[in-house]
Amino acid sequence: MRGLPREKVKMIDRSKLPNSFEFVVTAGARARQLLAGSTPRVTAGEHKKTTIAQREVITKQVEKLEPAPKPE
């Protein structure tokens, strides 16, 4: 026995997202932050950092930041 059963995580249907590419890039960047030691903004449980990052993006706990315009 390997401890308590894990909560089932549903796959994210990216076809229903406004921009699936932006979702993947944002979740990937957030996953790297979590791996570097950032505090999760959703209940983490025993989920992988990538799953936590996806849940944060889906629930709008984190969002993509637009780069600042360069001065002319």
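In the protein chain, residues 24 or more positions apart account for 39% of the contacts with a separation of 6 or more. The structure is a predicted model. Its protein chain holds two helices and zero strands. Of its 72 residues, 19% count as buried. The points below treat the packing of the two helices, the nonpolar core, and then individual residues.

**Packing of the two helices**

- Two packed helices are described by the angle between their axes and the distance between the axes.
- Helix H1 covers residues 20-35 and helix H2 covers residues 49-58; the two pack at an angle of about 125 degrees, and their axes lie 8 Å apart.
- Because of that angle, H1 is oblique to H2.
- The crossing in which H1 passes H2 is right-handed.
- On the H1 side, the contact is made by Phe23, Thr26, Ala27, Arg30, Ala31, Leu34 and Leu35.
- On the H2 side, the contact is made by Lys49, Thr50, Ile52, Ala53, Gln54, Glu56, Val57 and Ile58.
- By character, the residues of this contact comprise nine nonpolar, three polar and three charged.

**The nonpolar core and the buried part of H2**

- The largest nonpolar core consists of five residues, namely Ala31, Leu34, Val42, Ile52 and Ala53.
- H1 and H2 are the elements that give two or more residues to this core.
- Ile52, one of the core residues, touches Leu34, Pro40, Val42, Ala44 and His47 when residues up to four places away in sequence are not counted.
- Within H2, the buried residues are Thr51, Ile52, Ala53, Glu56 and Val57.
- H1 is included in what covers the buried residues of H2.

**Phe23 and Thr26 in H1**

- Phe23 lies in helix H1 and is among the H1 residues that make the contact with H2.
- Phe23 has a relative accessibility of 8%, so it counts as buried, the cut-off being under 20%.
- Along the chain, Phe23 and Lys64 are 41 residues apart, yet their C-alpha atoms are separated by 8.6 Å.
- Thr26 also has its place in helix H1.
- Thr26 is buried because its relative accessible area is 12%.
- With residues up to four places away in sequence not counted, Thr26 touches Val57, Glu63 and Lys64.
- Val57, one of these partners of Thr26, is itself among the buried residues of H2.

**Ile58 in H2**

- Ile58 lies in helix H2 and is among the H2 residues that make the contact with H1.
- Ile58 has a relative accessibility of 40%, so it counts as partly exposed, a class that lies between the 20% limit for buried and the 50% limit for exposed.
- Leaving aside neighbours within four places in sequence, Ile58 is in contact with Ile12, Leu17 and Phe23.
- The C-alpha atoms of Ile58 and Phe23 are separated by 8.3 Å, although the two residues are 35 residues apart along the chain.

**The segment after H2**

- Lys60 is found in the segment after H2.
- Most residues other than glycine have a negative phi.
- The phi of Lys60 is near 60 degrees, a positive value in a residue other than glycine.
- This positive phi of Lys60 occurs just after H2.
- Lys60 counts as exposed because its relative accessible area is 62%, and exposed means over 50%.
- Leu65 lies in the segment after H2 as well.
- Leu65 has a relative accessibility of 75%, so it counts as exposed.
- Leu65 and Thr26 are 39 residues apart in sequence, and the distance between them in space is 9.0 Å, C-alpha to C-alpha.
- Thr26, by contrast with the exposed Leu65, is buried.

Definitions and conventions: Residues numbered from 1 in each chain as written. Predicted model: local features only at pLDDT ≥ 70, side-chain atom pairs only at ≥ 80, totals over all residues. Heavy atoms only, no water. Axes fitted to C-alpha atoms, helices over the stretch in contact; angles between N-to-C directions. Helix = DSSP H or I, 4+ residues; strand = E, 2+ residues; numbered from the N terminus. Parallel < 35°, antiparallel > 145°, perpendicular 65-115°, else oblique. Left-handed = near helix turned anticlockwise from the far one by under 90°. Contact = heavy atoms within 4.5 Å. Nonpolar A, V, L, I, M, F, W, Y, C, P; charged D, E, K, R; others polar. Buried < 20%, exposed > 50% of the residue type's maximum accessible area, 1.4 Å probe, protein only. Core = buried A, V, L, I, M, F, W, Y, C linked by side-chain atoms within 4.5 Å.
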